[in-house]
Structure formats: structure tokens, C-alpha cells
Amino acid sequence: MRQVNLIKNGGKDMVEAMTDRQYDGILQMIEMIVDGCKDLEEVKRKIAELRREKKEKEKTE
């Protein structure tokens, strides 16, 4: 298991334990997003859209 610093807040690190399997899954998702993109700006737009959709879904639940 590896630890990943997610955010620094008020001088304290918020740390989440991530398994190698979770880490690999995240990299696979990134690879799928990047695969169909022409340039870095398109990658950024797609990721921003996915994050926005996730936030909207959380608000409705």
C-alpha cells in the first residue's frame, strides 16, 4: 500500500491510503481519457467535464 498526499490544508496533510490495484485502476482510466484526445487541452476539458459530472451527481444524491 502506498500513501498519496491529496491536499495540504492549514499545514496538515490529508493522506489517503491507496492500494496498488486502486493506483493501477486510476492510471488505466487516465489512459482511456488520453487515448482519444488530439492534444493536452482536450484532455484537460474531458477531465474537467468528468469532475463536474461527479460533483453534480453527488449533489443530487
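Here are three short exercises, with worked solutions, on a predicted model of a single chain.

**Exercise 1. Work out the overall layout of the chain and how much of it is buried.**

Step 1: Count the elements. You should get 2 helices and 2 strands.

Step 2: Put them in sequence order, and the pattern reads β-β-α-α.

Step 3: Check burial. Of the 61 residues, 8% count as buried.

Step 4: Look at the surface. The accessible area is about 5,900 Å², with 52% of that belonging to carbon and sulfur atoms.

Step 5: Take the contacts between residues at least 6 apart in sequence; 0% of those join residues at least 24 apart.

**Exercise 2. Find which residues line the largest pocket, and sort them by class.**

Step 1: Start with the volume, which is about 260 Å³.

Step 2: List the lining: I26, M29, I30, I33, I47, L50 and R51.

Step 3: Assign these to elements. Those giving two or more residues are α1 (20-35) and α2 (40-60), and α1 gives the most, with 4 residues.

Step 4: Sort by class. That leaves you with 6 nonpolar, no polar and 1 charged residues.

**Exercise 3. Decide whether E42 is buried or exposed, then describe its surroundings.**

Step 1: Locate the residue: E42 sits in helix α2.

Step 2: Apply the cut-off. Buried means under 20% relative accessible area, so E42, at 15%, counts as buried.

Step 3: Follow the side chain of E42, which reaches the backbone nitrogen of K38 at 2.9 Å.

Step 4: Now set aside neighbours within four places in sequence; E42 is in contact with G36 and C37.

Methods. Residues are numbered from 1 along each chain as its sequence is written. This is a predicted model: local features need pLDDT of at least 70, side-chain atom pairs count only at pLDDT 80 or more; totals for chains, interfaces and linings use all residues. Side-chain values use heavy atoms; hydrogens and water are left out. On a 1 Å grid over the protein atoms alone, a cavity is a set of points where a 1.4 Å probe fits but cannot get out, and a pocket is an open set with protein on both sides within 12 Å along at least five of seven lines; lining residues have an atom within 4 Å of a point. Grid points are joined across faces, edges and corners, and a volume is the space filled by probe spheres set on the points. Ala, Val, Leu, Ile, Met, Phe, Trp, Tyr, Cys and Pro count as nonpolar, Asp, Glu, Lys and Arg as charged, and the others, Gly among them, as polar. Buried means under 20% relative accessible area, exposed over 50%, partly exposed in between (1.4 Å probe, protein chains only). A polar contact is a pair of N or O atoms within 3.5 Å; within protein, one must be able to donate a hydrogen and the other to accept it, and residues adjacent in sequence count only if both atoms are side-chain atoms. Contact means heavy atoms within 4.5 Å. Accessible areas come from the Shrake-Rupley method with a 1.4 Å probe; for residues, only the protein chains shown count as cover.
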